[in-house]
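Here's a quick briefing on a few helices and how they pack. Have the model open while you read.

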Amino acid sequence: MPEKEIGKPLGIFGGTFDPVHFGHLRLAEEAADALGLAGVRWIPAGQPAQKKSPKVGAPQRLEMVRLAIDGNPRFELDAAEVDAAQTSYTVPTLERLRQADVCGTQRSLVLLVGADAFAGIGSWHRWEKLIELAHIAIAYRPGYPVDTASLSPALASLFRDRFCTDSLMLAESPAGRIATFAMTQLDISATRIRTLLSKGHSTRYLLPDVLVDHIQAHHFYSEI
Ligand code: ATP
């Protein structure tokens with residue numbers, strides 16, 4: 001990451017990425033601009049806590065993310081959760097990032113989530129700790145409203161207390177605020193891509209060509 005970017009917040013983007021697609025890539029790219037991020041650290045889950053077993057193994061999902069983000073100077077890949085080969089929980093992941101030899105305690109970290117993921121945060125392991133470790137930025141996603149009426153009371157209360165309208169405020173502290181940002185609305189999901197592949201249908205233009213070819217070469221998702 002260039003030195004002039006060091007004082008800016010770092011985006012943290014975790015997911016199963018089974019497989020990574022243009023919805024993920026535009027979320028990260030647009031978050032970097034909208035929130036003034038130095039860059040985005042992609043963290044594929046080893047064994048995700050919230051989902052049924054991914055259809056493709058962790059090293060293979062990691063490799064797909066590597067191929068997808070290759071050449072983007074604002075993106076970096078964090079393989080630690082995959083290497084750990086155990087269930088990935090976001091709070092321990094952020095605690096790892098807060099260690100002195102990774103990001104330290106003072107760096108502004110912004111956890112990037114889609115609106116569907118945010119609505120489910122109340123079920124995450126030790127979720128109340130999240131906001132002490134990072135800011136949270138919520139991307140609008142087709143079909144998932146970002147309004148307190150659709151959230152659990154505890155999460156709605158956190159949202160109201162921590163919401164900031166000016167995303168530049170994310171740079172002023174290491175953690176503790178919640179922001180939203182608009183992104184190009186792409187109704188793409190990994191589930192839909194897996195379904196298309198299982199039927200032998202095309203997935204071109206839903207994810208990078210390099211992944212379309214990679215998935216085909218490795219016969220990923222041919223059955224689900
Ligand atoms: P699946 O369909 O298997 O549930 P997914 O496409 O939702 O997968 P994940 O790896 O679970 O992908 O998502 C990682 C993060 O990306 C989550 O925070 C999710 O909300 C967000 N995300 C995924 N797709 C989009 C999209 N099209 N627009 C906005 N955010 C998205």
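Helix H9 (209-218) is part of what covers the buried residues of H8. Bear in mind that this is a predicted model, where local features need pLDDT of at least 70, side-chain atom pairs count only at pLDDT 80 or more, and totals for chains, interfaces and linings use all residues. Residues are numbered from 1 along each chain as its sequence is written, and side-chain values use heavy atoms, leaving out hydrogens and water.

**Helix H8**
- In H8 (residues 190-198), the buried residues (under 20% relative accessible area, 1.4 Å probe, protein chains only) are Ala190, Ile193, Arg194, Leu196 and Leu197.
- Looking down the H8 axis, these buried residues fall within an arc of 160° (taken from the directions from the helix axis to the C-beta atoms), so they line one face of the helix.
- After H8 comes Gly200, with a positive phi near 75°.

**H2 against H9**
- The axes of H2 (residues 58-69) and H9 come within 9 Å and cross at roughly 150°; the two helices are therefore roughly antiparallel (angles over 145 degrees).
- Contact (heavy atoms within 4.5 Å) is made by Glu63, Met64, Leu67 and Ala68 of H2 with Val210, Leu211, His214 and Ile215 of H9.
- Sorted by class, that H2 and H9 contact has 6 nonpolar, 1 polar and 1 charged residues.

**Ala156**
- Ala156 sits in helix H7 (residues 153-162) and counts as buried, at 5% relative accessibility.
- Setting aside neighbours within four places in sequence, Ala156 is in contact with Thr148 and Leu151.
- Ala119 is 37 residues from Ala156 in sequence, and 9.3 Å away in space, C-alpha to C-alpha.

Terms used. Buried means under 20% relative accessible area, exposed over 50%, partly exposed in between (1.4 Å probe, protein chains only). Helices (H or I, at least four residues) and strands (E, at least two) are DSSP runs, numbered from the N terminus. Axes are lines fitted to C-alpha atoms, for helices over the stretch in contact, and angles run from 0 to 180 degrees between N-to-C directions. Angles under 35 degrees count as roughly parallel, over 145 as roughly antiparallel, 65 to 115 as roughly perpendicular and the rest as oblique. Ala, Val, Leu, Ile, Met, Phe, Trp, Tyr, Cys and Pro count as nonpolar, Asp, Glu, Lys and Arg as charged, and the others, Gly among them, as polar.
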